[in-house]
Amino acid sequence: MKLYLDFQPCQECNTMMAQLSSPEILFADPKTRADESAKFLRHLTYNHNEVVQAVIDDLPKQKRDQEFDFFK
Ligand SMILES: [Zn+2]
């Protein structure tokens, strides 16, 4: 899992990031993937506001090969 941000993931983040990069989710149907991404994004929104802001600021610079679902 690549994360370009200077960010300290909490335990919940680690769990969700591991889940998002697991084959179970990577090969899941688009709805499941979207749900899992949304869950993580919601967590970031409520718990790591500075990360969300940094992602938004950084987004135009990201390439399309980004592995993170919620960047797509
Ligand atoms: Zn977290």
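**The overall pattern**

Read along the sequence, the protein follows the pattern α-α-α-α. Colour the chain by secondary structure: this predicted model contains 4 helices and 0 strands. Switch on a surface next. The protein exposes about 5,100 Å², and carbon and sulfur atoms supply 53% of that area. Of its 72 residues, 36% count as buried. Among contacts between residues at least 6 apart in sequence, 58% join residues at least 24 apart.

**The zinc site**

Select the zinc ion together with the side chains around it. Which atoms coordinate the zinc ion? They are SG of Cys 10, SG of Cys 13, NE2 of His 43 and NE2 of His 48, at 2.0 to 2.3 Å. The angles among the 4 donor atoms run from 102 to 121 degrees, and the site is tetrahedral. For comparison, the ideal angle for four tetrahedral donors is 109.5 degrees.

Display the donor residues along the sequence: their spacing is C-x2-C-x29-H-x4-H. Cys 13 belongs to helix H1 and His 43 to helix H3, so this pair ties together parts that are 30 residues apart in sequence. Are these two donors buried or exposed? Cys 13 is buried, with a relative accessible area of 0%. His 43 is buried as well, with a relative accessible area of 5%; the cut-off for buried is under 20%.

**Helix H1**

From Cys 13, extend the selection to helix H1, residues 11-20. Its buried residues are Cys 13, Met 16, Met 17 and Leu 20. Turn the view to look down the axis of H1: these buried residues fall within an arc of 100 degrees, so they line one face of the helix. What do they pack against? The buried residues of H1 pack against H2 and H3.

**Helix H3**

Now select residues 30-47, which form helix H3. This helix has 18 residues and reaches 25 Å from its first C-alpha to its last, close to the 26 Å expected at 1.5 Å a residue. Show the side chains of Arg 33, Glu 36, Ser 37, Phe 40, His 43 and Leu 44, which are buried. Viewed down the axis of H3, its buried residues fall within an arc of 115 degrees, so they line one face of the helix. Pro 30, Lys 31 and Tyr 46 lie on the other side of H3 and are exposed.

To see what covers the buried residues of H3, add the neighbouring elements: the cover includes helix H1 (11-20), helix H2 (23-26) and helix H4 (49-58).

Two residues of H3 merit a separate selection. Glu 36 is found in this helix and, at 13% relative accessibility, counts as buried. Which residues does Glu 36 touch, not counting those up to four places away in sequence? They are Gln 19, Leu 20 and Ile 25. Leu 20 is also one of the buried residues of H1.

Asn 47 lies in H3 too, but at 48% relative accessibility it counts as partly exposed. Draw a distance from its C-alpha atom to that of Cys 13: the two are separated by 9.7 Å, although these residues are 34 apart along the chain.

**Helix H4**

Finally, select helix H4, residues 49-58. Val 51, Val 52, Val 55 and Asp 58 are buried in this helix. Why can they be described as one face? Seen down the axis of H4, its buried residues fall within an arc of 135 degrees, so they line one face of the helix. What covers the buried residues of H4 includes H3.

Rotate to the other side of H4, where Asn 49, Glu 50, Ile 56 and Asp 57 are exposed. Pick out Glu 50, which has its place in H4 and is exposed, with a relative accessible area of 52%. A distance drawn between the C-alpha atoms of Glu 50 and Phe 7 gives 8.7 Å, and these residues are 43 apart along the chain.

Definitions and conventions:
Residues are numbered from 1 along each chain as its sequence is written. This is a predicted model: local features need pLDDT of at least 70, side-chain atom pairs count only at pLDDT 80 or more; totals for chains, interfaces and linings use all residues. Side-chain values use heavy atoms; hydrogens and water are left out. Helices (H or I, at least four residues) and strands (E, at least two) are DSSP runs, numbered from the N terminus. The expected span of a helix is 1.5 Å times one less than its number of residues. Buried means under 20% relative accessible area, exposed over 50%, partly exposed in between (1.4 Å probe, protein chains only). The arc is that of the directions from the helix axis to the C-beta atoms. Contact means heavy atoms within 4.5 Å. Donors are N, O and S atoms within 2.8 Å of the metal (3.2 Å for Na, K and Ca); water is not among the atoms, so sites may look incomplete. Four donors count as tetrahedral if all angles lie between 85 and 135 degrees; four count as square planar and six as octahedral if opposite donors are over 155 degrees apart and all others between 65 and 115; anything else is irregular. Accessible areas come from the Shrake-Rupley method with a 1.4 Å probe; for residues, only the protein chains shown count as cover.
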